[in-house]
Amino acid sequence: MSRIIVHVDMDYFYAAIEQRDDPSIQGRPVVICMYSGRSEMSGAVSTCNYLARERGISAGMPCAKAKKIDNEAVFLPVRKEYYTMVSDNIMNILRPFADSAQQLEQISVDEAFLDITRSCNGDFDTALETGIRIKQRIKSEENLTCSIGIGPNKLIAKMASSYKKPDGITVITPEKSMAFLEPLDVKKLWGIGKVTESRLAQIGVRTIGQLAEYDQIRLIETFGKKKGSWLKRAAMGLDDSVVRDRGDSNQISRIATLPENTRNLKEITSLLDRLADDVINKVTEAGVSFRQIVFIGITSDLKMHTRSKILNHAITDREILRMNAGQMAKDFLEDTSLELRRVGVRVDDLQNTAGQLTLKDYI
Ligand code: DGT
Ligand code: CA
Ligand code: CA
């Protein structure tokens, strides 16, 4: 039975979040800038939506150049901390679709692999249905779109997700893998950099199909044993690497939108309590404790605010988390006259559970 691997890649992630949150910028080119701080427009474009891409703006371009291309586009600064929390939400949506919690592998802020072999019984038609359900869940819960690739391994799944973008879904069965790869430029092979691409061009290899047919001994002579053999196998669509949770995140968070913008503490704490419960469930699953509690509030002007508290000991306690998040929300409301739109709870500074204390240790 073939493995079935899904790769999920969020569409124009940072720009999509900004335009989701602010309906007034929808339908306009949106450009997210990493400002260097030196002068008003110095810095580079982090990403932009597809409307901006159609006009010729692209990631990595100087912001000043993007501004010259389209002065009417919406330019916004990167809000990395917020995007990371939305990313955590997405990963929480994805995790139950994987065969086990450990078979979800996040590879960047907006991309993950899932192994769904068992739950689909190795059937690619069932996998397509799962892919469609994943897209629906992300759309209904986060109001964001993604592109999905499904294949017999990570390499094919990753390349399939970029085949149709945005909002695409592409299934490549083992039988179709070679036909899918053959015509593509070698630079599209996942893992190939600029240097390898130009060295391959020097030996006359431009497509993945040509690379797959190239003599392995000569590839090893040119690139060394490890890289040479990898190139040959990858070009043939072969990849045995497993999907596994890297587990290196040092925080767990949940963020959600209030039913309506509000300053009503009761409504706010009732949502915060639910988020705190979700966070504690994840904490328990991961077998960790935490030393820092963070409250996140996004006000009606879409600005994000955080309040945090460092504890004396690492804990795993639900009540302490709820109590502190609620208190921080209350304190925050005293500092602002605005209504809250979204709230979140995050625990930081995670440690292995040994040596934990619970509420009982405090009373
Ligand atoms: P896509 O996937 O082509 O629809 O568009 P994105 O924007 O999701 O592009 P992707 O997947 O390459 O990157 C995900 C996010 O990471 C993107 O929204 C912004 C950020 N990012 C990507 N490239 C850069 C970069 O060169 N600099 C900075 N600061 N951020 C970047
Ligand atoms: Ca993306
Ligand atoms: Ca990405």
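This briefing describes the calcium sites, the ligand 1 site and selected residues of one structure. The model is predicted. Two calcium ions, ligand 2 and ligand 3, lie 3.7 Å apart, and Asp110 coordinates both. Ligand 1 is surrounded by 14 residues, and the protein buries 67% of the area that ligand 1 exposes when taken alone.

**The calcium ion (ligand 2)**

- Three residues provide the protein donors of the calcium ion (ligand 2): Asp9 through OD, Met10 through O and Asp110 through OD.
- These donors of the calcium ion (ligand 2) lie 2.2 to 2.3 Å from the ion.
- The site of the calcium ion (ligand 2) has six donor atoms, and with angles of 81 to 173 degrees among them it is octahedral.
- Along the sequence, the donor residues of the calcium ion (ligand 2) follow the spacing D-M-x99-D.
- Met10 belongs to strand 1 (residues 5–10), whereas Asp110 sits in the loop between strand 5 (104–108) and strand 6 (111–115); the pair therefore ties together parts that are 100 residues apart in sequence.
- Both Met10 and Asp110 are buried.

**The calcium ion (ligand 3)**

- The calcium ion (ligand 3) has protein donors from Asp110 (OD) and Glu111 (OE), at 2.1 to 2.4 Å from the ion.
- Asp110 acts as a bridge between the calcium ion (ligand 3) and the calcium ion (ligand 2).
- Asp110 counts as buried because its relative accessible area is 12%, which falls under the 20% cut-off.
- Glu111 is likewise buried, with a relative accessibility of 11%.

**The surroundings of ligand 1**

- Among the 14 residues that surround ligand 1, the closest are Tyr12, Ser46, Thr47, Tyr50 and Lys165.
- Sorted by class, this shell around ligand 1 holds six nonpolar, two polar and six charged residues.
- A polar side-chain atom of Lys165 is found 2.7 Å from an oxygen atom of ligand 1.
- The side chain of Ser46 has an N or O atom 2.8 Å from a nitrogen atom of ligand 1.
- Tyr14 takes part through its backbone, where a polar atom lies 3.0 Å from an oxygen atom of ligand 1.
- Ligand 1 on its own exposes 590 Å², of which the protein buries 67%.
- Strand 1, helix 1 (13–21), strand 3 (43–48) and helix 2 (50–54) are the elements that each give two or more residues to the shell around ligand 1.

**Helix 1**

- Nine of the nine residues of helix 1 are buried, so this helix is largely enclosed by the rest of the structure.
- The buried residues of helix 1 include Phe13, Tyr14, Ala15 and Ala16.
- Charged residues can be found in this buried group as well, including Glu18, Arg20 and Asp21.

**Two partly exposed residues**

- Tyr50 is located in helix 2.
- Tyr50 counts as partly exposed because its relative accessibility is 21%, and the partly exposed class lies between the limits of 20% and 50%.
- Tyr50 and Ser108 are 58 residues apart along the chain, and their C-alpha atoms are separated by 20 Å.
- Met178 has its place in helix 7 (residues 177–181).
- Met178 is also partly exposed, with a relative accessibility of 26%.
- The C-alpha atoms of Met178 and Gln106 are separated by 26 Å, and these residues are 72 residues apart along the chain.

Definitions and conventions: Residues numbered from 1 in each chain as written. Chains lettered and ligands numbered in written order. Predicted model: local features only at pLDDT ≥ 70, side-chain atom pairs only at ≥ 80, totals over all residues. Heavy atoms only, no water. Donors = N, O, S within 2.8 Å, 3.2 Å for Na, K, Ca; no water. Buried < 20%, exposed > 50% of the residue type's maximum accessible area, 1.4 Å probe, protein only. Tetrahedral: all angles 85-135°; square planar, octahedral: opposite > 155°, others 65-115°. Helix = DSSP H or I, 4+ residues; strand = E, 2+ residues; numbered from the N terminus. Near = heavy atom within 4 Å. Polar contact = N/O pair within 3.5 Å; in protein donor to acceptor, adjacent residues only side chain to side chain. Areas by Shrake-Rupley, 256 points an atom, 1.4 Å probe, with all protein chains shown as cover.
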